[in-house]
Each structure stands twice: as structure tokens, then as C-alpha cells.
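Open the model in your viewer and keep the selection panel at hand. The stops below go from the whole assembly to its parts.

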2 protein chains.
Amino acid sequence: MDNSRRSYRRESQETRRADLISATQTLVAEGGPEAATVRAIAARAGVTAGLIRHYFQSKDELTRAAYRSLMDGMTAKGADALESVGASPEERLAAFVSASLRPPVLDAGAVVLWAGYMHKVRNDAELLAVHEAAYTAYRDILQRLIAALKRDVPDAQLRGEAIACNAVIDGLWVEGSILPDAFEPGEIPTLGLRSVGAILGIDLLAHTSMLTDPRKTLA
Amino acid sequence: MDNSRRSYRRESQETRRADLISATQTLVAEGGPEAATVRAIAARAGVTAGLIRHYFQSKDELTRAAYRSLMDGMTAKGADALESVGASPEERLAAFVSASLRPPVLDAGAVVLWAGYMHKVRNDAELLAVHEAAYTAYRDILQRLIAALKRDVPDAQLRGEAIACNAVIDGLWVEGSILPDAFEPGEIPTLGLRSVGAILGIDLLAHTSMLTDPRKTLA
DNA sequence: CGGGAAATTGTGCATCCGTATAATAAAGAG
DNA sequence: CTCTTTATTATACGGATGCACAATTTCCCG
């Protein structure tokens with residue numbers, strides 16, 4: 001009598017995996033890791049819970065995939081800002097910094113998502129490797145942009161500058177996302193540009209020729 | 001027949017609450033929020049699970065208390081570094097920055113603990129208030145130390161400088177804790193001092209007269 | 001237009017979660 | 001030394017969780 005099984009469509013492996021990963025990220029961003037249960041993930045992805053184990057050997061594996069996808073996506077979004085920007089090294093650096101401190105990178109959900117995986121990064125060797133790779137990749141982009149400025153600094157100093165600039169960006173990214181109301185509109189990107197500029201000894205704010213000019217919001 | 005109930009000692013309310021809070025923090029730091037179950041917390045604190053509800057109306061309330069304690073403790077540890085330090089404003093600022101980037105503040109467990117509460121901060125008004133208060137308190141200390149430098153800068157600029165310095169410290173704190181092997185010994189505090197100095201336009205490294213001199217580890 | 005591989009569903013299970021509450025032990029008061 | 005208070009233990013309950021596995025549907029291939 002209850003021959004009423006749910007009808008469904010077969011999807012490609014890539015699509016289903018991407019959907020499940022995306023659903024996981026959304027749920028963690030919204031309600032933290034504890035909200036991302038297999039049932040909730042499946043519901044969000046429009047499938048039933050059992051399917052998860054058809055594509056991932058365990059929930060942990062899905063978790064790892066979701067974290068990998070998050071980290072790759074974040075650096076990619078930052079690097080995207082470099083595509084359509086002038087050739088001036090200062091302009092390129094300014095665009096990269098600014099893009100990292102504006103939506104969609106500056107986003108409370110992204111921070112919660114990133115933070116939600118923190119302890120797994122500490123306890124899982126594979127995730128630690130992913131984190132380190134993503135961190136290094138982002139910092140390398142930064143270091144290359146800094147090196148391109150052609151100031152007269154020793155190579156050894158570049159590494160420290162990149163680490164420091166990365167740190168300011170990270171710090172502003174976290175607090176700017178969690179406490180958006182604690183800052184003026186545009187204050188976060190402006191402070192990022194000013195701080196990175198100060199660390200490098202140049203004036204980055206003078207090289208922001210974007211549509212939404214951060215200088216307008218300068219105090 | 002099994003008249004074998006566990007023997008116990010009565011403790012003061014403050015002791016028990018502190019023990020339960022401490023156990024919660026330890027567990028979250030070690031295994032993330034999901035490891036901090038009522039049973040695990042009770043076991044770590046040396047009591048049985050039922051007792052938690054005698055001191056806290058719910059597990060959420062214990063969670064909130066643990067977060068409050070964490071945040072208060074972190075700023076307190078940083079401020080402690082100001083007690084036994086010379087009167088020079090530069091020295092005091094340098095000591096504060098340096099202390100925030102060394103153990104016990106720079107600690108992977110602390111970062112995991114802090115990150116583990118992130119999503120609760122977003123979804124719980126009370127925790128958000130705690131976070132904002134702690135963030136503001138820390139930044140105010142920083143801003144006062146910066147103001148004491150008696151450079152000739154407009155008041156409006158002080159706020160931005162404090163936010164930026166706070167951000168560098170936060171960023172270095174996170175990455176330095178999670179990836180300790182990615183940095184040279186002493187590199188993190190040194191970079192913190194150099195960056196904060198650059199943002200403020202002064203040389204902080206020249207004012208670090210501590211036993212463990214960060215200049216020794218300069219590249 | 002079958003037939004067969006496999007993608008997807010549905011169900012059940014052991015375990016763990018937070019909470020409620022009754023039973024008991026400890027410790028101070030008189 | 002007993003009485004009273006209450007801190008603490010112990011047990012039970014309903015619900016949720018990750019996972020295993022059998023049943024069913026889809027869709028491609030010949």
C-alpha cells in the first residue's frame with residue numbers, strides 16, 4: 001500500500017558531491033559544526049541521509065572535503081581580484097587587499113565556517129596539511145605582489161612582511177565579519193590598505209582606483 | 001546490595017563552578033565543542049553529570065560562563081604584562097604586544113577554544129555582548145598605550161591605529177598558534193612588534209628590554 | 001524494448017546527548 | 001548526638017546521531 005517511494009533523478013558524481021559539500025558548508029556557517037548532521041546535510045542537498053555514505057566513506061571524509069573546498073575557494077576569490085586590474089604593482093596589491101576585506105570574502109558565515117573547523121585542523125593531520133597549504137598559497141600571492149613593488153629591500157625581509165600583512169588582513173577579516181556594526185562602512189578595507197601600506201613603507205590608499213573608492217569613507 | 005555509592009567531598013560553590021568551567025574549556029580546547037559533553041565535563045571535573053545542573057541551569061549557561069571566563073582571562077593575561085614594566089610608553093606598549101604573542105596567550109588550545117565558540121557568539125545575543133566587551137576592552141588598553149606615546153596625531157586616527165594593531169596581533173596569534181612550526185622561534189613576537197611599530201611610525205623593537213630579547217631572533 | 005549496473009531511498013540499530021528527578025551522603029547547627 | 005539542609009550521586013527517558021544494509025528506482029546499453 002505504501003508503495004510510495006520518493007522519486008528522484010540520478011545526478012553526476014561531481015554534482016552530488018558538490019551539492020553535499022555546499023550543504024555542509026552552509027549548515028556549518030549558519031549553526032556551527034553541530035548543526036551539520038548527516039540528516040540535515042542530506043535534507044539541505046535534497047537527498048536522503050543514506051546517500052552520503054555512497055559518496056563519502058564517512059561523515060569525517062565529507063567534512064574534510066568541505067574544509068578543503070572552503071580554503072581553496074577563499075584564496076581563489078582573492079586571486080580573482082587580480083584578473084581585471086591594472087598593471088601597476090601598487091594597484092594590484094591594493095586590489096588584492098581590498099578584495100580580501102570586502103564581501104563575499106568578508107562574511108560572517110565564512111568566518112564561522114572557518115572557525116568551526118579549527119579544532120579538526122589541530123587534530124587531523126590531513127586537514128592540517130590542507131590548512132597549511134592554503135595559508136601558504138595565500139601568503140605566497142601576497143609575497144609576490146609585495147616583491148613586485150620593486151622597493152629596495154633584502155629578500156629576507158619579504159617573508160616577514162608577507163606574514164605581517166597576512167596577519168593584519170586575517171585579523172580585520174575576523175573582527176570585521178563578527179562585529180560588522182562596530183566599524184564604519186568601508187572602514188575595514190581602508191584600514192587594511194593603510195596598515196599594509198605602513199608595514200611596507202608605501203602609500204597604498206593612493207593606488208585604489210576602484211569604483212567603490214575606500215578613500216571616500218576615510219575619517 | 002549494591003549500597004556502593006561513590007563517596008565525595010562537598011566543595012564551595014565557587015570551587016565547583018570554577019572546576020566545571022575549567023573542565024569545559026580544557027575539553028573544548030582539546031577536542032572542539034563536540035567533545036565537551038555534560039558527561040565528559042563532569043568526568044574531567046571529577047564529579048557526576050547530574051551536578052552540572054545543580055550549578056548551571058543548563059549546559060548553555062555553563063558554555064556561556066566558560067566563554068566569559070576565557071575572554072576575561074585573555075585580556076587579563078595581556079594586561080598583567082604591564083604591571084612589572086618600566087614607565088616608558090614605548091616599553092609598555094612593546095611589553096603588551098610581546099606578551100600577547102607568547103605563551104600562555106599564544107597557545108593552540110586557546111585558539112581552538114576561542115574558535116570553538118565563534119558560531120555561538122554569532123547566534124547568542126549574550127555571548128555576542130561578551131565578545132564585543134572583551135574585544136573593546138582589549139582594544140582600549142591598546143589605544144591608551146598608543147595615545148601615551150605622545151606622537152602628534154589627531155584623536156580620530158588613534159582609533160584606526162588601535163583597530164589595525166589589534167588586527168595584526170590577532171592574525172599573528174591565530175596563525176602562530178595553529179602552525180607553530182611554520183615560523184622561526186621568536187619570529188611571531190618580533191613581527192608583531194615590527195608591524196605595530198610600522199603602523200604607528202615608531203621603532204618598537206628598540207624598546208624591548210626584556211630577558212628574552214626578540215631581537216636575538218631577528219633574521 | 002528488456003536487462004543489468006548502480007544511484008538512491010528507506011529502515012533499523014547501537015550509542016550518545018541533555019535533562020529531569022528520586023535517592024543518598026555529607027556537613028554544619030543546636 | 002540527632003536533625004536539617006543541601007550538595008552530590010544515580011538512574012531513567014525521549015530524542016538525535018552516525019552508520020550499516022536491504023529494497024527499490026533510474027537510466028544506459030545492447
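Start with both protein chains: chain B superposes on chain A by a rotation of 180° with 0.0 Å of shift along the axis, at an RMSD of 0.1 Å. The superposition is by least squares on the C-alpha atoms of residues with pLDDT of at least 70 in both copies. This is the relation of a two-fold axis. Both copies use the same surface, since 100% of the contact residues of chain B recur in chain A.

Two notes before selecting anything: this is a predicted model, in which local features need pLDDT of at least 70 and side-chain atom pairs count only at pLDDT 80 or more, while totals for chains, interfaces and linings use all residues. Residues are numbered from 1 along each chain as its sequence is written, and chains are lettered from A and ligands numbered from 1 in the order in which they are written.

**The protein interface**

Select the side of chain B that touches chain A. Here 38 residues of chain B are in contact with 39 residues of chain A (contact: C-beta atoms, placed from the backbone, within 7 Å). On chain B, at least two residues each come from α6 (108-116), α7 (118-123), α8 (125-147), α9 (155-178) and α10 (187-200). Helices are DSSP runs of H or I, at least four residues, numbered from the N terminus. α9(B) supplies the largest share, 14 residues. By class, this side of chain B has 23 nonpolar, nine polar and six charged residues (nonpolar: Ala, Val, Leu, Ile, Met, Phe, Trp, Tyr, Cys and Pro; charged: Asp, Glu, Lys and Arg; polar: the others, Gly among them).

**One residue**

Now select A:V168. Leaving out residues up to four places away in sequence, A:V168 touches A:G192, A:S195 and A:V196, and across the interface B:A164, B:A167, B:V168 and B:G171.

**DNA strand C**

Select strand C and the 28 residues that surround it; the closest are A:R6, A:G50, B:T37, B:S58 and B:K59. A residue is near a strand if its C-beta atom, placed from the backbone, lies within 6 Å of it. In chain B, α2 (38-45) and α4 (59-80) each give at least two residues to this surface, and α2(B) gives the most, with three. The classes are eight nonpolar, eight polar and twelve charged.

**DNA strand D**

Which residues are closest to DNA strand D? They are A:S7, A:T37, A:K59, B:R6 and B:G50, among 27 that surround the strand. The elements giving two or more residues are α2 (38-45) and α4 (59-80) of chain A. This surface divides into seven nonpolar, eight polar and twelve charged residues.

Terms used: Contact = placed C-beta atoms within 7 Å.
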